[in-house]
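Subject: Structure handover

Hello,

Here is the structure I promised to send. Please open it beside this email and follow along.

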Amino acid sequence: LGTLATALVQSSSTVTAVIVGLVAGGLPLSIAIPMVMGANMGTTITNTIVSIGHIREKGDFKRAFSAATVHDFFNLLAVTIFLPLELMFGLLEKLASAIANLLAGSSDVSMKGLDFMKPLTQPTVGLINDIWAFLPENWIGIAMVISGIGIILFSVTYLGKVLKRVLVGRAKEVLHSAIGKGPLTGIFSGALVTVMVQSSSTTTSLMIPLAGSGMFSTKQIYPFTLGANIGTTITALLAATAITGDAAEVALTIALVHFLFNFLAVVLIYGIPWLRQLPIIAAERLAEVGSENKLLAFSYVIGTFFVVPGLMLLSVR
């Protein structure tokens, strides 16, 4: 569900912000955590689509498709490692809960120190509540949830467009200046740019034309992708600050799960040399095959992000 929803709206930031709200409303963490992992996988569709723009030139397409899908394979590997650990031991939930309890305080989970969002959102909440006041009491809550999700979708989309216009030029300068200065610089720069534009899709998509033109290799682009994975978690953390009361700690917990999942995946996978190479090898092999058979490349995108998640949802139903 997380993969399919993110592929449809092309924004993991939006989906994870919605998940934070759903958790605050009672969605169990055991369901929300796999959804967050799925959202991480779904966000890679944007730069993969950007790479298809190079499809007319075989060499450019091969380089661009490889640079795009290395993100896919990294996230897939991260889920392959951490989802079983989460299901068996609750690793991420326990770590995130401990940190959330430390930040929010065991006796006071209102997060008053972090809550700068409520004064900004309260007037709109009151207005929407008044709009749906004619409904039966039980239906007002449902209408509020639907309205809230709609506002999140609009706000994040609009904010992304504004930030792109303001900061994409600056983001390109950061990326250009950092490439070639080592993996740690690349990871930090990818995270910084993603925080600036509030979109890992934007960060990774900025790099695909550079890879397609042959300026940079998949190996050089790789660290920026990992940094983007870490930087995109800022949205869920900000969303969690808007939650107060008894639900505050659990909302912060799921936001921290998103951060810990991405951060620990980078530390583990990039920190172990043979694991580090797996996404690069898989992406280059897929790009080689896809450049020879364009239909296979299209099938990969549609199958990975839409068909397989959709069939899994139907089978559950």
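In which helix does V307 lie? V307 lies in helix 15. Keep in mind that this is a predicted model.

**The chain as a whole**

The protein chain has 15 helices and zero strands. Of its 317 residues, 47% count as buried. The chain exposes about 15,100 Å². Carbon and sulfur atoms supply 69% of that area. Now look at contacts with a separation of 6 or more: residues 24 or more positions apart account for 81% of them.

**A nonpolar patch on the surface**

Back to V307. Is V307 buried, partly exposed or exposed? Its relative accessible area is 39%, so V307 is partly exposed. V307 also belongs to a nonpolar patch on the surface. The other members are L8, V9, F298, I302, F306, L311 and L314. Together, the patch residues have about 720 Å² of accessible area.

Which helices each supply at least two residues of this patch? They are helix 1 (2-9) and helix 15 (294-316). Helix 15 gives the most, with six residues.

**Aromatic pairs**

How many aromatic pairs are there? The count comes to seven. Take F65 and Y300 as one of them. Their ring centres are 6.1 Å apart. Their planes stand at 80°, and an angle over 60 counts as edge-to-face. So the pair of F65 and Y300 is edge-to-face.

Where do these two sit? F65 lies in helix 5 (residues 58-89), while Y300 lies in helix 15. The two are 235 residues apart in sequence, so the pair ties together parts that are far along the chain from each other. Both F65 and Y300 are buried. They also form one aromatic cluster with F61.

F82 and F261 make another edge-to-face pair. Here the distance is 5.9 Å centre to centre, with 85° between the planes. F82 is in helix 5 and F261 is in helix 13 (residues 248-271). This pair links distant parts of the chain, 179 residues apart. F82 and F261 are both buried.

**A charge over a ring**

One last spot to find: Y270 and R276. The charged end of R276 sits over the ring of Y270. That charged end is 4.8 Å from the ring centre.

Best wishes

Key: Residues numbered from 1 in each chain as written. Predicted model: local features only at pLDDT ≥ 70, side-chain atom pairs only at ≥ 80, totals over all residues. Heavy atoms only, no water. Patch = residues over 30% accessible without salt bridge, like charges linked within 9 Å, V, L, I, M, F, W, Y side chains within 5 Å. Areas by Shrake-Rupley, 256 points an atom, 1.4 Å probe, with all protein chains shown as cover. Salt bridge = Lys/Arg side-chain N within 4 Å of Asp/Glu carboxyl O. Helix = DSSP H or I, 4+ residues; strand = E, 2+ residues; numbered from the N terminus. Buried < 20%, exposed > 50% of the residue type's maximum accessible area, 1.4 Å probe, protein only. Phe/Tyr/Trp six-rings, centres within 6.5 Å; stacked < 30°, edge-to-face > 60°. Lys NZ or Arg CZ within 6 Å of the ring centre and 35° of its normal. Contact = heavy atoms within 4.5 Å.
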